[in-house]
Amino acid sequence: MFAPACIVRGAEIPLALRSQTCGLSIHQAYARPLVTCSRLASARQSFLFQATSDSNQAASKVRQERPPPWIFGFQTNERHLKWDESAQRQLLKMHVADKLGQEVSWVEDKLQEIVQIIPDLAGKVDTMKADIVMQLVSDTQAVTQRVMDLRELLPDVNVSKLLSYYPQLISQLEPGKVSQQLHLLRAELPGRDINDLLQREPLMLTANVRFALQELKRLTPAKDSADFLFKNPGLVLSMDEQMMESTIDGDLTQV
């Protein structure tokens, strides 16, 4: 008879409270659980509030202790990174392949051809600029022909070593221009070993020799300009002739 008193509006009364209804009248048994269930509901609400509060405090503590995902203990920038040569080489090939619309394997094959033509470039491909690499691999047959022409014009010069210093010279060293420059060098620097000069400073193949000598005569009139140029070719070349990039970028006329 007391079983119904243990169920109030679908909520079951705990066993500990269920025993308290024994010995009561039916009216009392039905009324007692109403009070008990109210207390249970209040206790349950209090428990849920406390649990939620504890959970929020724990989550807040974790957020305070855990650093943001973008912090690694120090600022990460390029000076803290060291590129491995293999990674550098692969990135260069991928960039060149993308610019030329080719596969990376195609670029690798072309670079192998270039190294066979100019063996001294073997260890310098990783440090070459991408535009120079693109220029070389775009037409390996033209590069091969240019190297053969230079070897005919400069039989006593290590052309491979000369071009390894400035691979960008390949496109500028047309046979006709090289022949004219050699005649000019021999005329302006008589009695001197032009092959030795070119081996020490390959850029003399494209330098404005007459202008350099005129400037030397103006600045050092007491010295032999030709002798000074032969002994110190790198000192008389302009920044453009030495293929150096200026630290000033922009149009100075607008300043």
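Here is a short tour of the chain, from its overall layout to one helix pair and one ring contact.

**Overall layout**

Keep in mind that this is a predicted model. The chain holds 12 helices and 2 strands. Reading from the N terminus, you meet the pattern β-β-α-α-α-α-α-α-α-α-α-α-α-α, with both strands ahead of the helices. Of the 255 residues, 28% count as buried. If you look at contacts with a separation of 6 or more, 64% of them join residues 24 or more positions apart.

**Helix 4 and helix 6**

A pair to look at on screen is helix 4 with helix 6, whose axes come within 10 Å and cross at roughly 5°. Angles under 35 degrees count as roughly parallel, so helix 4 is roughly parallel to helix 6. The table shows which residues of the two helices meet.

| Helix | Residue range | Residues in the contact |
|---|---|---|
| Helix 4 | residues 104–117 | Lys110, Glu113, Ile114, Ile117 |
| Helix 6 | residues 140–153 | Thr140, Val143, Thr144, Val147, Arg151 |

By character, the residues of this contact split into 4 nonpolar, 2 polar and 3 charged. Ile114 and Ile117 of helix 4, along with Val143 and Val147 of helix 6, are among those that meet. Lys110 and Glu113 from helix 4 also take part, as does Arg151 from helix 6.

**Around the rings**

How many aromatic pairs does a search of the whole structure find? The search comes back with 0. Phenylalanine 230 does have a charged partner, though: arginine 200 lies over the face of phenylalanine 230, at 5.0 Å from the ring centre.

Notes. Residues numbered from 1 in each chain as written. Predicted model: local features only at pLDDT ≥ 70, side-chain atom pairs only at ≥ 80, totals over all residues. Heavy atoms only, no water. Phe/Tyr/Trp six-rings, centres within 6.5 Å; stacked < 30°, edge-to-face > 60°. Lys NZ or Arg CZ within 6 Å of the ring centre and 35° of its normal. Axes fitted to C-alpha atoms, helices over the stretch in contact; angles between N-to-C directions. Helix = DSSP H or I, 4+ residues; strand = E, 2+ residues; numbered from the N terminus. Parallel < 35°, antiparallel > 145°, perpendicular 65-115°, else oblique. Contact = heavy atoms within 4.5 Å. Nonpolar A, V, L, I, M, F, W, Y, C, P; charged D, E, K, R; others polar. Buried < 20%, exposed > 50% of the residue type's maximum accessible area, 1.4 Å probe, protein only.
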